[in-house]
Amino acid sequence: RADIVSASARIFIDGQAGTTGLEITERLTARDDIELLSIDNEQRKRPETRRECFESADLVMLCLPDDAAREAIKLSETTRFIDASTAHRVHDKWVYGLPELKSDQRNAIRESRLVSNPGCYATGFVLSIRPLVDENIVSKNALIRTHALSGYSGGGRQMIEQYSRGVEDEQPTRPYALNWSHKHVPEMQRYAGLDFAPFFMPSVGNFFQGMLVQTPLFLQELNRSVRPKDLVEIYQNHYAGEPFVRVIEAPFDNELEEGYLSPTACNGSNRIDLMVFGRDQQILVVARLDNLGKGAAGAAVQNLNLMLGREESSGISE
């Protein structure tokens, strides 16, 4: 809104004590164009007080569990919201907060009252696969498999406490969501433009933050013969001018450490790296990002900047 651009914007973070809430607070506290609103814990339990706080804010950021987020938005029909939960990511009335998704996505975010922040895994997957679907390299009805590795901060406060006590030291990597019901899958399918849900295999590693999302592709399953450098060119064209997307070309001498790819190289930034490895009939697309940055709080602040008419990179590192 035009009246916000020249003034200090009032922001309320509902769920400030959670992992994402704390990360967003850290990114906003030092800014002189942001005023963070707060209410004491007792008042938070009163719906009327929360409603007044919501309606006095220029924007409310919800860092709550899904059910609590659904209840929170009922308190105001005029407040602008960014929801960091899973609750509204595939809801038709909410704009998906991934500015790099398509050419008109930024404008949709700027103009929307309701923006749903993407999931960390989904961010890596969608930015990897959507350009290939748009170019008809990957069919909409393709059967896609993807494996991802995340730092344990993605599991929230309880998991952070478990790892900080050292109870997981004997299990450096742990696959999970083995019932194929990970909460990010619906948005991964929808915004990648796929008819079928991807076969998604996430794991949590014994490191605090950072993420790799790896999607293998067999040339026989693609709509036309391509080489890794062809996909690199597609990504370069698709993300040309995007400040937070870095497409890395082979050779990967500066990215590999004795042949190993680190999941933590984007930590502390709002950047996502895209890399394409390949040999013979097989290609591997890898997205690397900070699960607390571009995968959560950094993306939320990026969306906030767009909604408030601020410089998109304010308060977040490239």
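What do the buried residues of α4 pack against? Keep that one in mind while we look around; this is a predicted model, and a good place to start is its sheet.

Six strands, lined up as β2-β1-β3-β4-β6-β5, make an open sheet with parallel pairing. At the edges you'll find β2 (34-37) and β5 (95-96). Each of these has a single partner strand, so one side of each is left without a neighbour in the sheet. Take a look at the β5 edge: 2 bridges tie β5 to β6 (residues 114-116), and the two strands run parallel. Val95 has Val115 of β6 as its bridge partner.

Now for the helices around that sheet. Helix α2 (residues 19-29) lies across β1 (9-14), β2 and β3 (59-62), and its direction is at about 160 degrees to β1.

Back to α4, which spans residues 47-56. Its buried residues are Thr49, Arg50, Cys53 and Phe54. These cover an arc of only 140 degrees around the axis, and that puts them on the same side of α4. The general rule behind this kind of pattern is simple: an α-helix has 3.6 residues a turn, so residues three or four places apart point the same way. And here is what we were after: the buried residues of α4 pack against the strands β1, β2, β3 and β4 (81-83), along with the helices α3 (41-44) and α5 (66-72).

Helix α8 (residues 156-164) can be read in a similar way. Gly156, Ile160 and Tyr163 are its buried residues. They span an arc of only 65 degrees around the axis, which places them on the same side of α8. Their packing partners are α2, β8 (173-175) and β9 (199-205), so we meet α2 again here, the helix that lies across β1, β2 and β3. Just after α8 comes Gly166, with a positive phi of about 80 degrees.

Last stop: a pair of helices. Two packed helices are described by the angle between their axes and the distance between the axes. For α7 (residues 120-134) and α9 (residues 185-192), the angle is about 25 degrees and the axes are 8 Å apart. That angle makes α7 and α9 roughly parallel to each other, and their crossing is right-handed. On the α7 side, the contact comes from Ala122, Phe125, Val126, Ile129, Arg130 and Val133. On the α9 side, Glu187, Met188, Tyr191 and Ala192 take part.

Conventions. Residues are numbered from 1 along each chain as its sequence is written. This is a predicted model: local features need pLDDT of at least 70, side-chain atom pairs count only at pLDDT 80 or more; totals for chains, interfaces and linings use all residues. Side-chain values use heavy atoms; hydrogens and water are left out. Two strands pair if DSSP finds at least two bridges between them. Helices (H or I, at least four residues) and strands (E, at least two) are DSSP runs, numbered from the N terminus. Contact means heavy atoms within 4.5 Å. Axes are lines fitted to C-alpha atoms, for helices over the stretch in contact, and angles run from 0 to 180 degrees between N-to-C directions. Buried means under 20% relative accessible area, exposed over 50%, partly exposed in between (1.4 Å probe, protein chains only). The arc is that of the directions from the helix axis to the C-beta atoms. Angles under 35 degrees count as roughly parallel, over 145 as roughly antiparallel, 65 to 115 as roughly perpendicular and the rest as oblique. A crossing is left-handed if the near helix is turned anticlockwise from the far one by less than a right angle, and right-handed if clockwise.
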